[in-house]
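User: Could you take me through one part of this structure up close, the sheet in chain B, and then show me how the rest compares as you go? I'm in my first year, so please go step by step.

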Amino acid sequence: MVPEIGHFALALALALALVQSVLPIAGASRRNAVWMKSAQATAIGQVLFVAIAFAALMQAFIVSDFTVRNVVENSHSLKPMLYKVAGTWGSHEGSLLLWILILAVFGAGVAWFGSNIPAETKARTLSVQAWISVGFLSFLLLTSNPFERVFPPPLDGNDLNPLLQDMGLAMHPPLLYFGYVGFSIVFSFAVAALLEGRVDPAWARWVRPWTLAAWVSLTAGIALGSWWAYYELGWGGWWFWDPVENVSFMPWLLGTALLHSAIVTEKRDAFKSWTILLAILTFSLSLLGTFIVRSGLLTSVHAFAVDPERGLYILGLLAVSIGGSLALYAWRAPEMEPGGLFRPISREAGLLVNNLILAAATGTVLFGTLYPLILEAITGDKISVGPPFFNAAFIPMMLALVVFMGLGPFLSWKRADIAGLLDRIRFVVVLAFIAALAAWYLLNGGPIMAYLAILGAAWLLFATLREWALRIRLFEVPLAESARRARNLPRASHGMTLAHAGVAVLMMGMIGSTGWKSEEIVFAAPGTEVTIAGFDITFEGATQVQGPNYIADRGTLVVRRDGELVTTLFPERRYYPVAESQTTESAIRSTLAGDLYTSIATPASDQVNNAGAWTLRILYEPLVNLIWIGSILLVIGGCLSLSDRRLRVGAPRRAKQPASDAVPAE
Amino acid sequence: MKRLIAGLPFIAAVIFGVFFLWGLNPDRDPNEIPSVLISQPAPAFDLDPVPGLETPGLARSDLVGNERPVVVNVFASWCVPCRAEHAVLTRFVEREGMRLFGINYKDKPEDAVKWLNDLGNPYERIGSDLSGRTGIEWGLSGVPETFIVDGDGTVLFRYVGPVVGPDAVERFTQALKQAGALPKGAAS
């Protein structure tokens, strides 16, 4: 019964979306206030019905209703409750339902909180958002109904892929989707602006909180996915340039560019058509990601089960939404008047360079990701593009970006004073070079690129702190006066400082864990000793242990330094009988200085056939935790900026409430 | 000029779209690794028998001049999937009359002997490739791999990974039938 209610709720949501896609926009062109107002009710109704459908599916997972095909294929009665719940979005159908739920949440968010947006803009925006809803709801109902029943019902389910039975990954899709799909409302705003033919600073201000909310979630989602890959896959890497990782990274890069160019549109009424284009392209890349993950177009370890019919349907959706919006852009954008003028050395120019580099980086990742497909189509050759390409092409661009990232905040709008600028950064440049040279002296060895990166990261960190110190006149005036100034500074400014510093911290982690990683792979019998990065590790043997829905081989590794016991690590190799697959549970000793990372595998080589020998993989990754700390700083920075008062201008009644509440967390 | 620049993103999107449409062709499998050996003569090799086993060794000349195409399977006792595949291949030999030759890849002879004694030996001939040299000649990407070779010594088909599970067995059966590797009137 409950699954049928869910199915029916989806159909109702589609009906509402159909109404919303026509009525408000027609009202906007006929100046019919009632028709425009209808979007308010339909948007909120949509989110209600989709939420009912989502709850119905979740209920089926929680009670293990094996008459529902989706539950049979992705759950098992013995699975821990947390993963039963997470199983709701573990499959293609369920995750698509989550996708649509978030789409509806953002639409309802604008309907509910957008009281400062003019009625016509709001009506058009919500209609555009409903077009996307119609596309995806019909896709779900026609090709991938999550409530399909199965008869006769089996006694138990097939289990969720054990790799996905993990806390980090249970939370990863919701956050990632919140980011991905959050850009949909920015896209809708952009298309509405093109239809209206008007973009002004107010438009940029309405769009900014939604862009920021989506960007923050996407940042958190990507970081969480990367963290999961790091400790779950057992390779000790945190980024693999896999196509599925790349398609989540591209909207992030372009979304970052959008955040910055929207500032220029807001403050200086410039970059208008560029901001609109970025808004369209960012969501287009999110759609592209959805398409690639679900169509089997490229090879990846993460992709969903492949179905060409679904692929064709999504491609159709892409053709209409991306093709349509870009055609509209080609038609209307040239008519937009250019805004404020600026000198080559100014805040605007700095942000322009930032945007160009980010866009070029996105293009590089896009090209690298799709190159195998393009090459196969033209010549028939099959290749894969891996880290060497991306590292060679991407890292130099990011280093250039970092230089401008440090510089940008010092520049003033319109025209910056070069002499004053040089005076203010002189000290920072010297400090950054000292830091890089000190690293070179202390570490001797490691790739030359790593030292350039250290120089860049040190420059960014010191420049960001220096700029913040200048703003609050730290050490120039009494501390109490500085503290008062810090309190009076807009929160967006603190947010920027935190986020930029977060990037510097993140870079340090990346440099340390790639440039100075040590790795040992040994075939070890009990009693084997391994020495790595000053640790002496003794393998004491492995025992078999029984988990709720798996059996594991658990190794015992005693870690000593200079004869003193540091810790004991228990890496596991788990076998899930129902799903017939294995996972690696690495054991990690985490400190700020670095991670001692161990994982165990059964021997699969002819060199060791003697019983009791295991393959041990032991890594030392210096500073790797700074990656996660830096990501957290980015997220906090984004949230701080989101709570800035400026974003709530025009909605004084809500002035006490932080704007982060603007997104209901259903 | 301005119009042209504004139209560029649209044009780029259309070009990408055409590639995507091509990529959705259901016959295209991006995971498939094309073998350079298909329709090429099998590489020359001459392997000694596995010591301690009565089955004779294997050379390229054994694959040539047979009435029907034959199957060459690369296996090892240390390879877990091979164990599962062994039962499938044995069934093909016993029920369908498939002719099976083995290359024992980088395996200790005593382990290989024990493995075959435990599970049974469906192979007509087995060459011991202790150094892995012949594996390289055949372009192995892993163990197990299975090839169908016709009477001229031409490689007709390559299967990477174990022939286990309904899909794999179906694909393999199709390949055997197409190559004419099964005698007429065999079971099923």
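Analyst: In this predicted model, five strands of chain B make up an open sheet, and reading across it the order is β5-β4-β3-β6-β7, with mixed pairing. At the edges you will find β5 (125–129) and β7 (155–160) of chain B, each of which pairs on one side only. Ignoring direction, neighbouring strands of this sheet are turned by 20° against each other on average.

Let's step across part of that order. Strand β3 (residues 70–75) of chain B runs antiparallel to strand β6 (residues 145–149) of chain B, and five bridges join the two. To find this pairing on your screen, look for Val74(B), which stands opposite Glu145(B) in β6(B). Moving on, β6(B) is also joined to β7(B) by five bridges, and these two strands run antiparallel. Here a good landmark is Thr146(B), which stands opposite Tyr159(B) in β7(B). β6(B) and β7(B) form a hairpin with five residues between the strands, and in this hairpin Gly153(B) takes a positive phi near 85°. As background, strands of a sheet pair through backbone hydrogen bonds, either parallel or antiparallel.

Now set a sheet of chain A beside it. Four strands form this open sheet, in the order β1-β10-β9-β8 of chain A, and the pairing is antiparallel. Its edges are β1 (518–524) and β8 (587–590) of chain A; each has a single partner strand, so one side of each is left without a neighbour in the sheet. From one strand to the next, the twist averages 10°. Inside this sheet, strand β9 (residues 594–601) of chain A and strand β10 (residues 614–622) of chain A run antiparallel and are joined by eight bridges. You can locate them through Ser599(A), which stands opposite Arg617(A) in β10(A).

From strands we can turn to a helix of chain A. Helix α7 of chain A covers residues 167–196, which is 30 residues; at 1.5 Å a residue it should span 44 Å, and its end C-alpha atoms are 45 Å apart, which agrees. Most of α7(A) is covered, with 24 of its 30 residues buried. Just after α7(A) comes Gly197(A), with a positive phi of about 75°. On the other side, the loop between α6 (119–143) and α7 of chain A holds Pro152(A). The peptide bond leading from Phe151(A) to Pro152(A) is cis, and its omega is near -5°.

Two more loops of chain A are worth a visit. In the loop between α15 (448–472) and α16 (479–488) of chain A sits Phe475(A). Phe475(A) is not a glycine, yet its phi is positive, near 70°. Is Phe475(A) buried or exposed? Phe475(A) is exposed, because there are 9 other C-beta atoms within 10 Å, and 12 or fewer is the cut-off for that label. The other loop, between β2 (529–532) and β3 (535–546) of chain A, holds Ala533(A). Ala533(A) is another residue other than glycine with a positive phi, near 45°. With 17 C-beta neighbours inside 10 Å, Ala533(A) counts as partly exposed.

Next, the interior. The largest nonpolar core has 182 residues, and those with the most contacts inside it include Ile100(A), Val186(A), Ile280(A) and Ala457(A). Helix α8 (residues 201–232) of chain A gives the largest share of this core, 19 residues. At least three residues of the core come from each of domain 1 (1–165) and domain 2 (518–626) of chain A. To see one spot in detail, pick Ala457(A): leaving aside its neighbours within four places in sequence, Ala457(A) is in contact with Ala504(A), Met507(A), Met508(A) and Ile511(A). There is also a second, separate core of 36 residues, and among them are Ala42(B), Phe101(B), Trp115(B) and Leu176(B).

Finally, the two domains of chain A. Taken over C-alpha atoms, the centres of domain 1 and domain 2 of chain A are separated by 43 Å. Nine residues of domain 1 of chain A are in contact with nine residues of domain 2 of chain A.

Definitions and conventions: Residues numbered from 1 in each chain as written. Chains lettered and ligands numbered in written order. Predicted model: local features only at pLDDT ≥ 70, side-chain atom pairs only at ≥ 80, totals over all residues. Expected span 1.5 Å × (residues − 1). Buried ≥ 20, exposed ≤ 12 C-beta atoms within 10 Å, placed from the backbone. Pairing = 2+ DSSP bridges. Axes fitted to C-alpha atoms, helices over the stretch in contact; angles between N-to-C directions. Core = buried A, V, L, I, M, F, W, Y, C linked by C-beta atoms within 7 Å. Domains from an automatic or database assignment. Contact = placed C-beta atoms within 7 Å.
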